[in-house]
Amino acid sequence: DYARDEATLYDMIYYQTGSIEKASEYVIGRRKIYMDVWTDAPECTQIILQFDSLPTAVADNYPTGRHSRYVAFTTRRNEWERIALDFWDRPDGDLDDTVINTIALFFDPGTLTSHQFYFRNMDSTLSGCRENCEVAAIDDYCLALSSGESGFCGDSLDQDGDGLIDCVDPDCTLDEACSAQLSISYSALQDNSFRTAASSSSAQVILNGGLIVSFLAILHTIA
């Protein structure tokens, strides 16, 4: 389980991985990452998965080293559901498809909240739903909620009237104007200034800026 750090705008969970051999397959939608999620956060809570390449990606050079981002929204509260992470954009369009060695997960990014999240059964597979696989598609309503401020994330104005301005508004999570806020999480990663939680035999859990484990331990690649 993961309790989001309410003091960090872009709290991040970080994984080392050797499982993403060709990231372009996820960009074009041939492959997708699916996972089961439970949270006490409201419906339409945003979840972002990002393919990174270290040590290219550092705190002060966004978007360099960030290959691609994938987004999903929750549709249930206090219930398990299976989500599919859909391609969103390519922050670093020049990054090679074969150099992905880390994955960043952002739960409810751009907010100062402390919601609880559980996730399991993370699968990388060919796009599509097989038997006994119920996937929540991206809801148009959730997308609309996450686009009201976008494009105006550096003007110090509340463009959509929800009381949240610029990078404090979840609408701006994917906007380049908020890269300075994202750099705080990467600075913590580089400085190794994390809150360390209990660790198991297979994973060291590091919160407040990152959780680093072998991604192979939780990612199931299905041909």
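A contact here means heavy atoms within 4.5 Å. This is a predicted model, in which local features need pLDDT of at least 70 and side-chain atom pairs count only at pLDDT 80 or more, while totals for chains, interfaces and linings use all residues. Residues are numbered from 1 along each chain as its sequence is written, and side-chain values use heavy atoms, with hydrogens and water left out.

**View 1. The whole chain, with its three helices and twelve strands.** Helices (H or I, at least four residues) and strands (E, at least two) are DSSP runs, numbered from the N terminus. Among contacts between residues at least 6 apart in sequence, 73% join residues at least 24 apart. Of the 223 residues, 49% are buried (buried means under 20% relative accessible area, exposed over 50%, partly exposed in between; 1.4 Å probe, protein chains only). The accessible surface comes to about 10200 Å², and carbon and sulfur atoms hold 49% of that area (Shrake-Rupley method, 1.4 Å probe; for residues, only the protein chains shown count as cover).

**View 2. The aromatic pair of Y26 and F51.** The whole structure holds six aromatic pairs (rings of Phe, Tyr and Trp, the last by its six-membered ring, with centres within 6.5 Å; planes under 30 degrees apart are stacked, over 60 edge-to-face, the rest tilted). In this edge-to-face example, Y26 and F51 are 5.3 Å apart centre to centre, with 90° between the planes. Y26 belongs to helix α1 (residues 24-27) and F51 to strand β4 (residues 46-52), so the two rings tie together parts that are 25 residues apart in sequence. Both partners are buried: Y26 has a relative accessible area of 6%, and F51 has 0%. Look out for Y70 and F87 too, as they join Y26 and F51 in one aromatic cluster.

**View 3. K32 and D86, a salt bridge between two strands.** Six salt bridges turn up in the whole structure (a side-chain nitrogen of Lys or Arg within 4 Å of a carboxyl oxygen of Asp or Glu). In this one, the closest N and O atoms of K32 and D86 are 2.4 Å apart. K32 lies in strand β3 (residues 31-39) and D86 in strand β6, so the pair links parts that are 54 residues apart in sequence. Strand β6 spans residues 81-89. K32 is buried at 19% relative accessible area, and D86 is buried at 19% as well.

**View 4. D36, R82 and their charged neighbours.** D36 and R82 form a salt bridge, with 2.8 Å between the closest N and O atoms. D36 sits in strand β3 and R82 in strand β6, so this pair ties together parts that are 46 residues apart in sequence. Burial applies to both, with D36 at 11% and R82 at 13%. Through shared partners, salt bridges join D36, R82, R120 and D123 into one network. Follow R120 onward and you meet W80: the charged end of R120 sits over that ring, 3.7 Å from its centre (NZ of Lys or CZ of Arg within 6 Å of the ring centre and within 35 degrees of the ring normal).

**View 5. The surroundings of C153.** C153 is placed in the loop between α2 (140-145) and α3 (179-191), and is buried at 4% relative accessibility. Leaving aside residues up to four places away in sequence, C153 touches D166, C167, C172, D175, A177 and C178. The C-alpha atoms of C153 and D169 are separated by 8.5 Å, the two residues being 16 apart along the chain.
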